[in-house]
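Thanks for coming. I will go through one model today, chain by chain, and stop at a few residues along the way.

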Amino acid sequence: MPELLAYQLLFVTGKGGVGKTTVAAAIALLASEQGRRTLVCEVEPKGDLARAYECGPTPFSGRRISENLVAMSMDTEASMREYLRVVAKVPTIGHIGPVARAFDFVATAAPGIKEILTVGKLCFEIRASRYDLVVVDASSTGNVVGELAAPTGINELIRVGVVRSQTDWILEILGDPTRTGAVIVTTPEEMPVTEAVDLAARLASETPVHLACVVANRVLPELFGHSEELVFNELARSATLDLLARELETSNELVEEVLAAARLAVTVRRDGVAHLERLRAEIASDVPLLYLPYLFARAHGLRAVRQVARALSEELLT
Amino acid sequence: MSRPERRLESRPESRPIPGRAGASVEQEQTRHLEQLLSAKEVVVVCGPGGVGKTTISASLAATAAARLGGRVLVLTVDPARRLADALGIGGLGNVARRVPDEAFAVAGVRPTGELYAAMLDMSESWDALVRRHAPDLGTANEILANPLYRNLTRRFAQGHDYIAMERLYELHEQGEYDLLVVDTPPSLNALDLLDAPGRMAEFFSSRLLRWLIVPYRSRLVNFASRPFYQVADRILGSQFLEDLAEFFILFQTMRDGFVARSEAVNRLIRDVRTTFVVVTTLEAVPAVDAEQLIESLRDRRLHLGLLVCNKVLPGSFSDAPVGRTAELLGQRAGELANSLADRVPVEPATESRPSGEMIGRVLAEVARSFANFRLVATREAELLRELSAAHEVTATVPYHPGHVTDLHGLLDVGAKIWGDEVAVATEKAGFRGARPSRGSRGPGRGSPSGTSRGRVAGASTEDRKHQSDKPESGGGS
């Protein structure tokens, strides 16, 4: 089994818009196909996961996607209720109605509570051995550090109480590099790469979670090698252009448009390569960097997830 | 890169507007934008993550300063370093800095107004808020030193939304600027941004806050809050609850100020002088998010001034004759390569002629890449059609390789949003291989290029001569 799929808990994160959800959905799909009982959870319940799998809503209680795959959305309030019921054994949950209503504010007021209910629930699934792998479509760059750092923070803030007693085993799971890993998704662009590099550093310094790999998503294919590019440049010169246009019985302008389009593709790719080189240079050399291709065909929904899963599987085997 | 001066064929606005003879869509768009930015004092730029909100915000502000005049401030959240440097705000916090006229001069523009830029520093803004609303300096310092406060302001993601709106309000109140353009932080949910001020007021009035505070003062716990304490005690521990209560007692001293302020911020968002600009790319997920955002603006009766579709592939990809040429090129690559092989000049570097085989490979690759991008462009065109139907004023900004790294690039993007596709000298902005525009082939371009250029305060060398032609509307005074 590829190393990445041998983890038990994977937090997939990255700047908004880089394809975090698709990558998380693909990792989960791949793992489930390899027989791992897999749970995939979206932390920000926007319905992205449901869109990725083209299924109905993915509630907190989970929706079965396929034999080994269940998808859910985080709901910290439901997580608290479950926690109270299952772990803290607080009875008659109905009587704490006001708590439920005021929950958002408690969670806001008591820093780290929402985060720990999120991370705690996910770790709990691992601890209870209900799944072999939990893939988390985690918050984007800005918030994920807070989430993963919450258990440590809680330990410092809360000195007694049930929460305190729970953080120890949560921290043990989070801090175990053979069980838990972070996956940073980025694209070959300036800001996503910058954020990925910053995030890698912050994960290391502020959280117990180890960086499993970095995924460069939407990498454009290489059009030409160097010598081919020289030929291409030659084609774009007016004399050759005339020739091409005459052969194709069309206007110079049209041929020029086609060549310009190819030039755009070359330029876009080259800009991307520069960012990827920076990424490689600034991420610790022992962290694997996986490349996923840009999907020219319909780039969303289940088909995209399958394509990304296939590409990922090839990357993992090389 | 070529930037065909042309819109996507399928774009509905590319047709002349019925009942307005002579006005092209582009002219109409320019007029709309100039009116919008002259009439409004606050522009809130929002949209899904990763679509280029910051660049669009800066472009709108820079272009408004250049063309419409007045004092324009762009408040950005987290600009890429190079953009921050370009605006002269690198490493700066909340303090607004004027973007020097020299920066415009380098871009070949003499602005009619002044451009300022500031970054939104979250914790600094929170601190300023506390200092303003705390009853005295001692209380302010106590709050600022409280570890829970630090935690709260750093982690409270919704707080960021509030702070963005609150800073906007403050700047508007100060009245130093004619136009404020605010780039919003990426929200979990677009509604968060719109509802943040309301929620802040609600928070301070909430029963919860009273509950947290009461038992600390007296041990009297009323019937309604008792279960809360039982559970909270059990989960959090009473020590933590006491810490929390202490913090909120301090915080409570700022209540009236905060509530009044949030209500005022709320009013500003709903004010007729405020407009929203939604930015998206034409990819499936961001487009859905943008659509939801537009809907929620509509539900709240907030003013949607403009929808910007960013990073749109050039129109040539969906141009049928160009597409046919690419197909032909691919089909006949081998044959074309043979007839070209002995006529391509000798490569000086290798002192040899490329083989027919290699030329064929290059041609085939060119055709294949065109087909790939055409697929994406077609999808984009459809999304654009759907989004434009949802809102009548839609601007498209073509894909720009590299990043917009200077004022020149920002003004170029601004020209695209304005709808007058001015040929700005493009090398600097990272556009490569720009060619003279072929306006004659563009559909629906009503105006002779001369007239539309005269209006524009930033353009290529020959356009600079028209600098004396001031923009028609003197903005935001």
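What percentage of the contacts in chain B with a separation of 6 or more is accounted for by residues 24 or more positions apart? The figure is 78%. Please keep in mind that this is a predicted model, and everything I quote is computed from it.

Let me stay with chain B and give the inventory. Chain B has 477 residues, and 58% of them count as buried. Its secondary structure consists of 20 helices and eight strands. The chain exposes about 19100 Å², with 51% of that supplied by carbon and sulfur atoms.

Now chain A, on the same headings. Here we have 318 residues, 60% of which count as buried. There are twelve helices and eight strands in chain A. Its accessible surface is about 12200 Å², and carbon and sulfur atoms hold 50% of it. For contacts between residues at least 6 apart in sequence, 74% in chain A join residues at least 24 apart.

Next, the cores. The largest nonpolar core contains 58 residues. The residues with the most contacts inside it are Ile143(B), Tyr149(B), Leu168(B), Phe276(B) and Val278(B). Which helix gives the largest share of this core? That is helix H8 of chain B, residues 157–174, with seven residues. A second core, separate from that one, has 51 residues, among them Met72(A), Val144(A), Val193(A) and Ala216(A).

Take Phe276(B) from the first list. Setting aside residues up to four places away in sequence, Phe276(B) touches Val44(B), Cys46(B), Leu194(B) and Ile269(B), and also Leu297(B). Its contacts further include the run Leu302(B), His303(B), Leu304(B), Gly305(B) and Leu306(B).

On to helix packing, with one pair from each chain. In chain B, look at helix H2, residues 53–67, and helix H18, residues 407–418. Their axes come within 8 Å and cross at roughly 85 degrees. Angles from 65 to 115 degrees count as roughly perpendicular, so H2(B) is roughly perpendicular to H18(B). On the H2(B) side, the contact includes Thr55(B), Ile56(B), Leu60(B) and Arg67(B), along with Ala58(B), Ala62(B), Ala64(B) and Ala66(B). On the H18(B) side, the residues include Leu407(B), Leu410(B), Leu411(B), Val413(B), Gly414(B) and Trp418(B). By class, this contact of H2(B) with H18(B) has 13 nonpolar, four polar and one charged residue.

The chain A pair is helix H8, residues 190–206, and H11(A). The axes of H8(A) and H11(A) come within 10 Å and cross at roughly 5 degrees. An angle under 35 degrees counts as roughly parallel, and therefore these two helices, H8(A) and H11(A), are roughly parallel to each other. Glu190(A), Val193(A), Thr194(A), Ala196(A) and Val197(A) of H8(A) meet His275(A), Arg278(A), Leu279(A) and Glu282(A) of H11(A). The contact of H8(A) with H11(A) divides into four nonpolar, two polar and three charged residues. Val193(A) also belongs to the second core I mentioned.

Back to the end of H18 in chain B. Gly419(B) sits in the loop between H18 and helix H19, 449–454. Is Gly419(B) buried or exposed? Its relative accessible area is 1%, so Gly419(B) is buried. Its C-alpha atom is separated by 8.7 Å from that of Leu33(B), although the two residues are 386 residues apart along the chain.

Another buried residue is Ser125(B), at 5% relative accessibility. Ser125(B) lies in helix H5 of chain B, residues 122–133. Beyond its neighbours within four places in sequence, Ser125(B) contacts Asn94(B), Leu120(B), Ile163(B) and Arg167(B).

Last, two backbone angles. Most residues other than glycine have a negative phi. Glu249(A) has a positive phi, near 50 degrees. Where is Glu249(A) found? It is in the loop between helix H10, 238–247, and helix H11, 252–282, of chain A. With 72% relative accessibility, Glu249(A) counts as exposed. In chain B, Lys311(B) also has a positive phi, about 60 degrees, and is not a glycine. Lys311(B) is placed in strand E7, residues 304–312, of chain B. Lys311(B) has a relative accessible area of 22%, so it is partly exposed.

Terms used: Residues numbered from 1 in each chain as written. Chains lettered and ligands numbered in written order. Predicted model: local features only at pLDDT ≥ 70, side-chain atom pairs only at ≥ 80, totals over all residues. Heavy atoms only, no water. Axes fitted to C-alpha atoms, helices over the stretch in contact; angles between N-to-C directions. Helix = DSSP H or I, 4+ residues; strand = E, 2+ residues; numbered from the N terminus. Parallel < 35°, antiparallel > 145°, perpendicular 65-115°, else oblique. Contact = heavy atoms within 4.5 Å. Nonpolar A, V, L, I, M, F, W, Y, C, P; charged D, E, K, R; others polar. Buried < 20%, exposed > 50% of the residue type's maximum accessible area, 1.4 Å probe, protein only. Areas by Shrake-Rupley, 256 points an atom, 1.4 Å probe, with all protein chains shown as cover. Core = buried A, V, L, I, M, F, W, Y, C linked by side-chain atoms within 4.5 Å.
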